[in-house]
Amino acid sequence: MSDLKSDISGATFLDRWPRPSVMGVVNVTPDSFSDGGSYASTVDAVDAARRMLADGATLVDVGGESTRPGAEPVSVEQELRRVVPVLEALSGTPVSVDTSRVDVARRAIELGAAMVNDVSALRREPELAEVVAEAGVDVCLMHMQGTPRTMQDEPRYEDVVDEVASFLEERLSFAIGAGILEDRVCLDPGIGFGKTPDHNLELLRRLDRIVALGRPVLVGLSRKSTLARVAGEPGRVGSDAASMGAAVAAFDRGATLFRVHDVPAHVEALAAASAVERGSVVA
Ligand code: HH2
């Protein structure tokens, strides 16, 4: 069980978010692909977040704009209306904010967010880099081909792993150029963001190439439709069992952070995978 007041002022990224760390998904949206509407009220979202932290999540990721395929952007005001009450209630607990916007990130940081999870990797509003640099918070830079509205239309790559790695390397340089300390950055291949199921699986198979960029890697696999395809199911949402299997495979290839919906099961599965890696019960 994690301590709700867990230390987020550690000296290095891996002190703050040790490997493996589970990031619980708290979507305050009516239309997210797997849990849309579950936490539409502030009270439900806050309860869910607290439960995730008590169940062993290292942090929770609070988002107010769906990035599912086909999703339309929401206004900044709408995004703020969704996330601010939740962040206010969670003040003092380890939280990241899933946003690409300066105004939302700035308010979230004021309310104590320790990480900005930007699925646009500082491209939607490049000035966000200065906000992150000035505040000295952590940032996740994620790869996406296209935008959520169009990204699944016809994703194409010569070599998906090389292209995602080059993109992340370039975004890391951009972040550092804008004054963000390298130690504040983690990288994410962006599973499901402008990728076919085979692109996603190839990225996971060769995740060591992304890990070799030298920064901790975050993966968001939980319930994604590629997992439903693997299981031969026509539905769009992957199961929690498949999510855990893929998370353990990503852990084996060096991933550090795992963005998940079913926190207790992932905490247990990753603790087991971690013990196997160590060859010891004691961490
Ligand atoms: N996936 C989603 C949202 N944010 N952030 C990172 N860093 N990595 C991911 O893979 C990732 C993410 C999509 O999942 P979800 O939040 O469940 O759905 P929605 O975007 O519809 O809210």
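**A walk from the strands to the core**

Let's start with a piece of chain that is easy to pick out: strand 4 (residues 115–118), helix 5 (residues 128–135) and strand 5 (residues 138–142) make a right-handed β-α-β unit. Keep in mind as you look around that this is a predicted model. Strand 4 and strand 5 run in the parallel sense, paired over four bridges. If you'd like a spot to check, find aspartate 118: its bridge partner in strand 5 is leucine 141.

Now look to the other partner of strand 4. Strand 3 (residues 95–98) pairs with strand 4 in the parallel sense too, here over three bridges. In this pairing, valine 97 stands opposite valine 116 of strand 4. There's a helix to go with these strands as well: strand 3, helix 4 (residues 102–110) and strand 4 make a right-handed β-α-β unit.

So which way do the side chains of strand 4 point? Met115 and Asn117 go one way, while Val116 and Asp118 go the other. Whichever way they point, all of them are buried.

Val116 is a handy guide into the inside of the protein. The largest nonpolar core has 68 residues, and Val116 is among those touching the most other members, along with Val60, Val62, Val219 and Phe258. Helix 6 (residues 160–177) gives this core its largest share, eight residues. Apart from this core lies another one, of ten residues, which include Met115 from the strand we just visited, plus Ala114, Cys140 and Cys186.

Pick Val62 next and see what surrounds it. Setting aside neighbours within four places in sequence, valine 62 is in contact with a list of residues that includes Val26, Val28, Val83, Val86, Leu87 and Leu90. Val95, Ser96, Val97 and Asp98 are also in contact with valine 62.

Phe258, another of the residues that touch the most other core members, leads us to the rings. How many aromatic pairs turn up in a search of the whole structure? Just one. Phenylalanine 258 forms that pair with phenylalanine 251, and the two rings are tilted, with 6.5 Å centre to centre and 45° between the planes. Both of these phenylalanines are buried.

Phenylalanine 251 has a charged companion too: the charged end of arginine 19 sits over its ring, 4.0 Å from the centre. You can find another arrangement of this kind at phenylalanine 174, where the charged end of arginine 171 sits over the ring at 4.4 Å from its centre.

Note on methods
Residues numbered from 1 in each chain as written. Predicted model: local features only at pLDDT ≥ 70, side-chain atom pairs only at ≥ 80, totals over all residues. Heavy atoms only, no water. Phe/Tyr/Trp six-rings, centres within 6.5 Å; stacked < 30°, edge-to-face > 60°. Buried < 20%, exposed > 50% of the residue type's maximum accessible area, 1.4 Å probe, protein only. Lys NZ or Arg CZ within 6 Å of the ring centre and 35° of its normal. Core = buried A, V, L, I, M, F, W, Y, C linked by side-chain atoms within 4.5 Å. Helix = DSSP H or I, 4+ residues; strand = E, 2+ residues; numbered from the N terminus. Contact = heavy atoms within 4.5 Å. Pairing = 2+ DSSP bridges. Right-handed = clockwise from strand over helix to strand, strands pointing away.
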